[in-house]
Amino acid sequence: MKYKKRKFFAGEYLHVYQRTIGGVNIFYDRIDRLVFFTIFATISKLYDIIPIQLCIMVDHIHILIASNKLKEVASFLRHYTSYFAQVYNLETGRKGALFHKSYGSAPKKGNKKIRSTIVYIGNNPVEKSLCRDASEYRWNFLAYAVDSNPFSDKVAMRNCPPRIRSILKEIKKTQEANKYLSYAQLKRIFAKLDDKETEFVTDYIISSYYPFDTR
């Protein structure tokens with residue numbers, strides 16, 4: 001069987017969508033999504049790509065990136081999906097790949113198409129009835145482009161209780177070492193937090209690791 005050559009414009013935007021094998025749900029909770037997000041953010045720094053947007057759904061993801069080489073894009077996608085699969089499988093007792101090896105992609109050239117794609121990706125959770133407005137969905141990361149604490153009250157580190165300061169310092173140290181936050185680490189962090197603190201720390205993690213170029 002002959003496959004169509006993948007369309008790609010160097011330096012332009014590429015909308016990538018990846019579905020789980022069998023359409024199974026893999027993103028069940030906050031920790032699943034944060035592990036994936038921090039892996040995505042740390043690995044993106046290793047490649048000649050510019051992440052623009054990411055939306056994590058329960059059984060698929062949408063990404064908008066820019067790159068000069070399709071090979072870099074393919075290597076990046078393969079790296080973070082295989083790495084997340086290893087981590088996720090170790091946590092859940094699963095085996096094998098999580099995402100289809102073949103990914104969907106569509107090049108986006110020109111401001112109109114790029115803006116339409118940004119709206120489409122951001123509105124994916126609205127279309128799936130997960131929220132009424134795209135800005136209400138944390139895992140399309142739109143709200144973080146304009147606010148570091150969109151789902152919690154902003155508190156200066158000096159005003160945080162010592163145990164929260166300790167957690168924030170641990171997160172920052174891990175991020176600065178370009179390491180992802182593990183399941184064990186996140187479970188330990190969130191185990192001692194109330195709902196309000198959980199929202200605050202989640203915002204801090206996403207803002208600290210935020211990899212997207214929104215200029």
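Visitor: Which residues of α7 are buried?

Guide: E197, T198, F200, V201, T202, D203, Y204, I205, I206, S208 and Y209 are buried in α7. This is a predicted model.

Visitor: What makes these residues count as buried?

Guide: The cut-off is a relative accessible area under 20%. The residues listed, F200 and Y204 among them, are classed as buried. That makes α7 mostly covered, with 11 of its 15 residues buried.

Visitor: What covers the buried residues of α7?

Guide: The cover includes α1 (30-44), α5 (162-176) and α6 (183-191). Contact here means heavy atoms within 4.5 Å.

Visitor: How do you know that the span of α7 agrees with that of a helix of 15 residues?

Guide: Set one value against the other. Helix α7 runs over residues 195-209, and at 1.5 Å a residue its 15 residues should span 21 Å. Its end C-alpha atoms lie 21 Å apart, so the two agree.

Visitor: What makes the pair D194 and K196, at the start of α7, a polar contact?

Guide: The limit for two N or O atoms is 3.5 Å. A side-chain oxygen of D194 comes to within 3.2 Å of the backbone nitrogen of K196. The pair therefore meets that distance limit.

Now the sheet.

Visitor: How do you know that β1 and β3 pair?

Guide: Pairing needs at least two bridges. Strands β1 (residues 13-19) and β3 (residues 60-67) share 7, and they run antiparallel. One example is R19, whose bridge partner in β3 is H60.

Visitor: What makes β1 and β4 a pair?

Guide: Again the threshold is at least two bridges. There are 5 between β1 and β4 (residues 104-108), also antiparallel. V16 stands opposite S105 in β4.

Visitor: What about β2 and β3?

Guide: They pair in the antiparallel sense over 7 bridges. C55 has H62 as its bridge partner in β3.

Visitor: What order do the strands of the open sheet take?

Guide: The order of the 4 strands is β2-β3-β1-β4, with antiparallel pairing.

Visitor: Why are β2 and β4 said to stand at the edges?

Guide: Each has a single partner strand, so one side of β2 (49-56) and one side of β4 have no neighbour in the sheet. Neighbouring strands of this sheet are turned by 20° against each other on average, direction ignored.

Visitor: Which strands does α1 touch, and which does α3 touch?

Guide: α1 packs on the sheet against β2 and β3, and its direction makes about 170° with that of β2. Helix α3 (residues 111-122) also packs on the sheet, touching β1, β2, β3 and β4. The direction of α3 makes about 155° with that of β3.

Terms used
Residues are numbered from 1 along each chain as its sequence is written. This is a predicted model: local features need pLDDT of at least 70, side-chain atom pairs count only at pLDDT 80 or more; totals for chains, interfaces and linings use all residues. Side-chain values use heavy atoms; hydrogens and water are left out. Helices (H or I, at least four residues) and strands (E, at least two) are DSSP runs, numbered from the N terminus. The expected span of a helix is 1.5 Å times one less than its number of residues. Buried means under 20% relative accessible area, exposed over 50%, partly exposed in between (1.4 Å probe, protein chains only). A polar contact is a pair of N or O atoms within 3.5 Å; within protein, one must be able to donate a hydrogen and the other to accept it, and residues adjacent in sequence count only if both atoms are side-chain atoms. Axes are lines fitted to C-alpha atoms, for helices over the stretch in contact, and angles run from 0 to 180 degrees between N-to-C directions.
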